[in-house]
Amino acid sequence: MGKWEGFTFKWYEALFQDERIMTALFYTIVIAIVASLIATVIGTITAIGIHNMRTGRLKKILLGINNLPILNPDVVTGVSLMTLFVFINMEFGFSTMLLSHIVFNIPYVILSVLPKLKQLPANIEEAAMDLGATPMYALQKVIIPQIKPGIISGMLIAFTMSIDDFVISFFTAGNGVSNLSIEIYSMTRRGISPEINALSTIMFIVVLVLLILSNLSGKKEDLQIKNN
């Protein structure tokens, strides 16, 4: 049994000197940023399209399909994506992991943006076009600014989910490509190291900060709505 001798940053230094962990950190951050940005764009456009649908039955069907990746266990989603990539003969690696993260992040963005769209006045877009705005100008200058908090919240959630993901990444990663979750899993199989504790602490703090920022963004928007 080890003897506690005080606090130290020794294992944090060892962590940042580990080449494998730094490589995994690089892939984790790059995939999280790119996947969250692309998922935010696609999810926002999709949410606007679903919101503007006239057919209620079709809207319910699309929302049900959107909820499937969230309701399904990660194992089911991971195996399904892996099977798809094998079927289309796509080489596993950075691109497959990135596409997988985009796919499972889009539903979270849609569910973050839709409530903000429902809070908008029913005829706000038509009013903007009656005043001479084109549909694209109305979207950029009227709709997007109003739903921006939902977009930001969706992007932060997507970024957090991407950093935290293990199961789907495990099934869709290729040789030479891994994120921090996969690397931590590999390290635990070789034996518990204090570097894992240091890495887990950093990941916990990063995710906690992102969630706090997401909640503050939502509360700020609610206060603005009440004041108006």
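Start with the whole chain in view: of the 228 residues in the protein chain, 37% are buried (buried means under 20% relative accessible area, exposed over 50%, and partly exposed in between, with a 1.4 Å probe and protein chains only). Keep in mind that this is a predicted model, where local features need pLDDT of at least 70 and side-chain atom pairs count only at pLDDT 80 or more, while totals for chains, interfaces and linings use all residues. Residues are numbered from 1 along each chain as its sequence is written, and side-chain values use heavy atoms, leaving out hydrogens and water.

Now switch to cartoon. You'll see 10 helices and zero strands (DSSP runs numbered from the N terminus: H or I of at least four residues for helices, E of at least two for strands). The C-alpha trace spans about 70 × 50 × 25 Å along its principal axes. Of the contacts with a separation of 6 or more, 77% are between residues 24 or more positions apart; a contact here means heavy atoms within 4.5 Å.

Next, select Glu 183 and Arg 20 and show their side chains. They meet in a salt bridge, 3.2 Å from N to O (a side-chain nitrogen of Lys or Arg within 4 Å of a carboxyl oxygen of Asp or Glu). The pair ties together distant parts of the chain: Glu 183 sits in helix H9 (residues 180-190) and Arg 20 in helix H2 (residues 19-51), 163 residues apart. A search of the whole structure finds one salt bridge. Which partner is buried, and which is partly exposed? Glu 183 is buried, at 4% relative accessible area, whereas Arg 20 is partly exposed at 47%.

Turn on the surface and pick Phe 204, Ile 205, Leu 208, Val 209, Ile 212, Leu 213 and Leu 216. Together they make a nonpolar surface patch of about 640 Å². Patch residues have over 30% relative accessible area and no salt bridge, with nonpolar side chains (Val, Leu, Ile, Met, Phe, Trp, Tyr) joined within 5 Å and like charges within 9 Å; accessible areas come from the Shrake-Rupley method with a 1.4 Å probe, and for residues only the protein chains shown count as cover. Zoom in on Ile 212, in helix H10 (residues 194-227): Ile 212 is partly exposed, at 43%.

Last stop: Asn 72, in the loop between helix H3 (56-71) and helix H4 (74-87). Asn 72 is partly exposed, at 30% relative accessibility. Draw a C-alpha to C-alpha distance from Asn 72 to Ile 144: they are 72 residues apart in sequence and 31 Å apart in space.
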